[in-house]
Amino acid sequence: MIYNRIDKNMTKKILLVWLLLFSSLMFAQNKKIVEILNKQLQTEYNKYYDEFDKAYFKLLEPYKIDDTGILSFKFSEFPNHYNGKTIVKRSVPLNKILKIDKDMNLVFFTEGEDVLEQIEVFDENNKLIEERINKKTIFQTYINKEKNNERLKKSLLKAFKKAGFEVTDRIIVYQNGND
């Protein structure tokens with residue numbers, strides 16, 4: 001009877017240690033995804049953005065992943081059609097990303113409308129004109145200046161895989177339930 005309790009307690013402790021280790025590894029890989037995205041965006045901003053691009057696009061919040069696994073970043077664009085700024089917060093759950101594509105732009109695809117864009121539009125006097133939320137299937141990263149960059153896509157695919165997400169760079173065929 002005593003051996004049974006010892007075995008159960010030992011098993012629980014081993015399981016707890018394993019879960020903590022696994023969680024820390026997943027967190028580290030989530031951090032790697034953010035690191036890759038932020039480094040690439042900063043590199044492009046410093047190397048490829050001219051004065052017009054720098055005036056038009058301002059990064060307000062770099063890429064981050066919250067405790068629930070939501071990848072997001074926030075930026076502003078100036079001018080908009082009211083001669084003011086537009087603030088966009090773009091977010092997507094990591095577990096909804098199915099595909100990474102990098103040709104001109106680095107984008108993440110989801111199957112449903114899992115990408116949220118919270119948009120605030122201001123006029124030239126900084127008065128809020130409009131607020132809206134768009135739902136989309138494509139997460140635009142704003143990483144689009146460096147051409148022929150297969151290294152970026154490969155490093156992101158590797159980081160997603162190590163974080164436990166099945167993400168591809170191949171064509172995905174969606175099937176509806178009517179087939």
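# Working through a predicted fold

Let's start with an odd one: Lys102 is buried yet has no salt bridge, and the nearest side chain of opposite charge, Glu44, sits 5.3 Å away. Keep in mind that this is a predicted model.

## Exercise 1: a buried lysine

Find Lys102 and work out what surrounds it.

**Solution.**

Step 1. Place the residue. Lys102 belongs to strand S4, residues 97-102.

Step 2. Test the salt bridge idea. A salt bridge needs the nitrogen within 4 Å of a carboxyl oxygen. Glu44 is 5.3 Å away, and Lys102 has no salt bridge.

Step 3. Look for another polar partner. A polar atom of the Lys102 side chain lies 2.9 Å from the backbone oxygen of Glu146.

Step 4. List the contacts. Setting aside residues up to four places away in sequence, Lys102 touches Glu146, Asn149, Glu150, Leu152 and Lys153.

## Exercise 2: the overall layout

How many helices and strands does the chain have, and in what pattern do they follow each other?

**Solution.**

Step 1. Count the elements. You should get three helices and eight strands.

Step 2. Read along the sequence. The pattern is α-α-β-β-β-β-β-β-β-β-α.

Step 3. Check the burial. Of the 179 residues, 34% are buried.

Step 4. Look at the contacts between residues at least 6 apart in sequence. Among these, 57% join residues at least 24 apart.

Step 5. Turn to the surface. The chain exposes about 12,100 Å², and carbon and sulfur atoms supply 54% of that.

## Exercise 3: into the core

Pick out the residues with the most contacts inside the largest nonpolar core, then see which elements contribute.

**Solution.**

Step 1. Find the core. It has 32 residues, and those with the most contacts inside it are Leu37, Tyr63, Leu71, Phe108, Leu156 and Phe160.

Step 2. Trace where the core residues come from. Among the elements giving two or more residues are H1, strand S1 (57-65), strand S2 (70-77) and helix H3 (150-162).

Step 3. Zoom in on Phe108. Beyond its neighbours within four places in sequence, its contacts include Leu37, Leu71, Leu156 and Phe160.

Step 4. Now try Ile36, in helix H1 (residues 2-48). With a relative accessible area of 11%, Ile36 is buried.

Step 5. See what Ile36 meets. Not counting residues up to four places away in sequence, Ile36 touches Leu152, Ser155, Leu156 and Ala159. Ile36 and Leu156 are 120 residues apart in sequence, but their C-alpha atoms are 7.1 Å apart in space.

## Exercise 4: pairs of opposite charge

The whole structure holds ten salt bridges. Take three of them and say where the partners sit.

**Solution.**

Step 1. Start with Asp53 and Lys145, whose closest N and O atoms are 3.2 Å apart. Asp53 is in helix H2 (residues 51-56) and Lys145 is in the loop between strand S8 (138-140) and H3, so this pair ties together parts 92 residues apart in sequence. Asp53 is buried at 16% relative accessibility, whereas Lys145 is partly exposed at 25%.

Step 2. Go on to Glu117 and Arg90, with 2.7 Å between the closest N and O atoms. Glu117 is in strand S6 and Arg90 in strand S3, 27 residues apart, so the pair links distant parts of the chain. Glu117 is buried at 4% relative accessibility, and Arg90 is buried at 8%.

Step 3. Finish with Lys153 and Glu150, which meet at 3.6 Å, N to O. These two are about one helical turn apart because they are three residues apart in helix H3. Lys153 is buried at 8%, but Glu150 is partly exposed at 39%. Salt bridges with shared partners join Glu150, Lys153, Asp169 and Arg170 into one network.

## Exercise 5: unusual backbone

Which peptide bond is cis, and where do Tyr142 and Asn148 sit?

**Solution.**

Step 1. Recall the usual case. Most residues other than glycine have a negative phi, and most peptide bonds are trans.

Step 2. Spot the cis bond. It runs from Phe78 to Pro79, with omega near 0°. Pro79 is in the loop between S2 and S3.

Step 3. Check the phi angles. Tyr142 has a positive phi of about 70°, and phi of Asn148 is near 50°.

Step 4. Place both residues. Tyr142 is in the loop between S8 and H3, and Asn148 is in the loop between S8 and H3 too.

Step 5. Check how covered they are. Tyr142 is buried, at 16% relative accessible area, whereas Asn148 is exposed at 79%.

Note on methods: Residues numbered from 1 in each chain as written. Predicted model: local features only at pLDDT ≥ 70, side-chain atom pairs only at ≥ 80, totals over all residues. Heavy atoms only, no water. Helix = DSSP H or I, 4+ residues; strand = E, 2+ residues; numbered from the N terminus. Buried < 20%, exposed > 50% of the residue type's maximum accessible area, 1.4 Å probe, protein only. Contact = heavy atoms within 4.5 Å. Areas by Shrake-Rupley, 256 points an atom, 1.4 Å probe, with all protein chains shown as cover. Lys, Arg positive; Asp, Glu negative; His and termini not counted. Polar contact = N/O pair within 3.5 Å; in protein donor to acceptor, adjacent residues only side chain to side chain. Core = buried A, V, L, I, M, F, W, Y, C linked by side-chain atoms within 4.5 Å.
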